[in-house]
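Hello,

Here is the structure I promised to pass on. Please have it open while you read the notes underneath.

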Amino acid sequence: GGFAVVVVAAGSGTRLGHGIPKALVPLDGRPLLEHALRGVAEAGIADRVLVTVPAGDVDLSALARAHGALPVTGGASRAASVRAALAVLGRTGPGCTAVLVHDAARCLTPPAVFRSVARRVRSGARAVVPVLPVADTMRRVDEAGRSLGTVDRTVLRAVQTPQGFDLALLRAVDRAAAEAGTDPETVTDDASLVETHAPGVVVQTVPGHEHAFKITRPLDLVLAEAVLRGRAP
Ligand code: CTP
Ligand code: MG
């Protein structure tokens, strides 16, 4: 079976602060979602592409369609948006057995990262996340802000997207989370659902990429502009 790619783009972009959905914010004159969908297309691994969009937004839906993707109305949280996409994926059409879930906000993710996650899923891994070493010293603190000591950062990794899954597994853990009454606001990535609701399944890692950083705050947009300037046209 093939790969479905779910690009989650239904967020509001509060921290970026542009007053429009983040996926519509221009980067080098084109919306973030367009950059993200170009990366997906270049990777050449998707049999179908779904894009979650904010309820009522027509611009992102049109943009998704223009790139051959199916727009899906997202939910109030990222996890709710992924759930909405899984529901549509189940209702429409046959045949995907694996899924990649990707943040539109990681719009400069190199195609090679999509391919290496997909390759790992194809070779039998049921859950795969791209990761990078952390650069800063990490410290645990208590509620009062007192240091509880430095954490050994050699065992820590920062988690990126696309995250790849056996589709039946992602469906099962999403359903389990819903049944357990998990607050979707507390689910920051998809692989954590596997760890909580399918504890026997190992989440595998592959190397992520510096360019797969998430555009979250204004400084990230400055970095993204600089990355694009440094790329061959
Ligand atoms: N996302 C989504 N549906 C939501 C919330 C987020 O599809 N209800 C998507 C965003 O569009 C983004 C990705 O999940 O591509 C990661 O979320 P984040 O970076 O937090 O984006 P926003 O939620 O838009 O930003 P903010 O939290 O600052 O409002
Ligand atoms: Mg958010």
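**Around the ligand**

By class, the shell of ligand 1 is made up of seven nonpolar, 10 polar and five charged residues. Here Ala, Val, Leu, Ile, Met, Phe, Trp, Tyr, Cys and Pro count as nonpolar, Asp, Glu, Lys and Arg as charged, and the others, Gly among them, as polar. In total 22 residues surround ligand 1, and the closest are Val 8, Ala 10, Gly 11, Thr 14 and Arg 15. A residue is near a molecule if its C-beta atom, placed from the backbone, lies within 6 Å of it.

**What kind of model this is**

This is a predicted model, in which local features need pLDDT of at least 70, side-chain atom pairs count only at pLDDT 80 or more, and totals for chains, interfaces and linings use all residues. Residues are numbered from 1 along each chain as its sequence is written, while chains are lettered from A and ligands numbered from 1 in the order in which they are written. The protein chain has a mean pLDDT (the predictor's confidence in each residue, from 0 to 100) of 96, and 99% of its residues reach 70 or more. The scores for the model are ipTM 0.99 and pTM 0.97.

**Arg 15**

One of the closest residues to ligand 1 is Arg 15, and its place is in the loop between S1 and S2. Helices (H or I, at least four residues) and strands (E, at least two) are DSSP runs, numbered from the N terminus. Arg 15 counts as exposed because it has 12 C-beta neighbours inside 10 Å. The cut-offs are 20 or more other C-beta atoms within 10 Å for buried, 12 or fewer for exposed, and partly exposed in between, with C-beta atoms placed from the backbone. Arg 15 and Arg 217 are 202 residues apart in sequence, yet their C-alpha atoms are 5.5 Å apart in space. Leaving aside neighbours within four places in sequence, Arg 15 is in contact (C-beta atoms, placed from the backbone, within 7 Å) with Thr 216 and Arg 217.

**The core and two helices**

The largest nonpolar core has 64 residues, and those touching the most other members are Val 6, Val 7, Ala 9, Leu 33, Val 51, Val 99 and Ala 104. Such a core is a set of buried Ala, Val, Leu, Ile, Met, Phe, Trp, Tyr and Cys residues joined through C-beta atoms within 7 Å. In soluble globular proteins, nonpolar side chains tend to be buried together. Beyond its neighbours within four places in sequence, Val 51 is in contact with Val 7, Ala 9, Leu 33, Leu 60, Ala 64, Ala 69, Pro 71 and Val 72.

Helix H3 (residues 78-91) has 14 residues, so at 1.5 Å a residue it should span 20 Å, and its end C-alpha atoms are indeed 20 Å apart. The expected span is 1.5 Å times one less than the number of residues in the helix. Buried residues of H3 include Val 82, Leu 86 and Leu 89. The buried residues of H3 pack against strands S1 (2-8), S4 (48-53), S5 (70-73) and S6 (96-103) and helix H5 (167-179).

Helix H4 (residues 111-122) also agrees with its expected span: its 12 residues should cover 16 Å, and its end C-alpha atoms are 16 Å apart. Among its buried residues are Val 113, Phe 114 and Val 117, and the buried residues of H4 pack against S1, helix H1 (32-43), S6, strand S7 (127-133), S11 and strand S12 (204-207). Ala 112 is found in H4 as well, but it counts as exposed because it has 12 C-beta neighbours inside 10 Å. H4 is followed by Gly 124, which has a positive phi near 115°.

**Backbone details to look at**

Which two residues does a cis peptide bond join? They are Thr 161 and Pro 162, with omega at about 10°. Pro 162 lies in the loop between strand S10 (157-159) and strand S11 (163-166).

Asp 28 is not a glycine, yet it has a positive phi of about 50°. Its place is in the loop between strand S2 (26-27) and strand S3 (30-31), and Asp 28 counts as exposed because it has 12 C-beta neighbours inside 10 Å.

Finally, Arg 231 sits in the segment after helix H7 (218-229). The C-alpha atoms of Arg 231 and Val 187 are separated by 34 Å, with their positions 44 residues apart along the chain.

Best wishes

Conventions. Contact = placed C-beta atoms within 7 Å.
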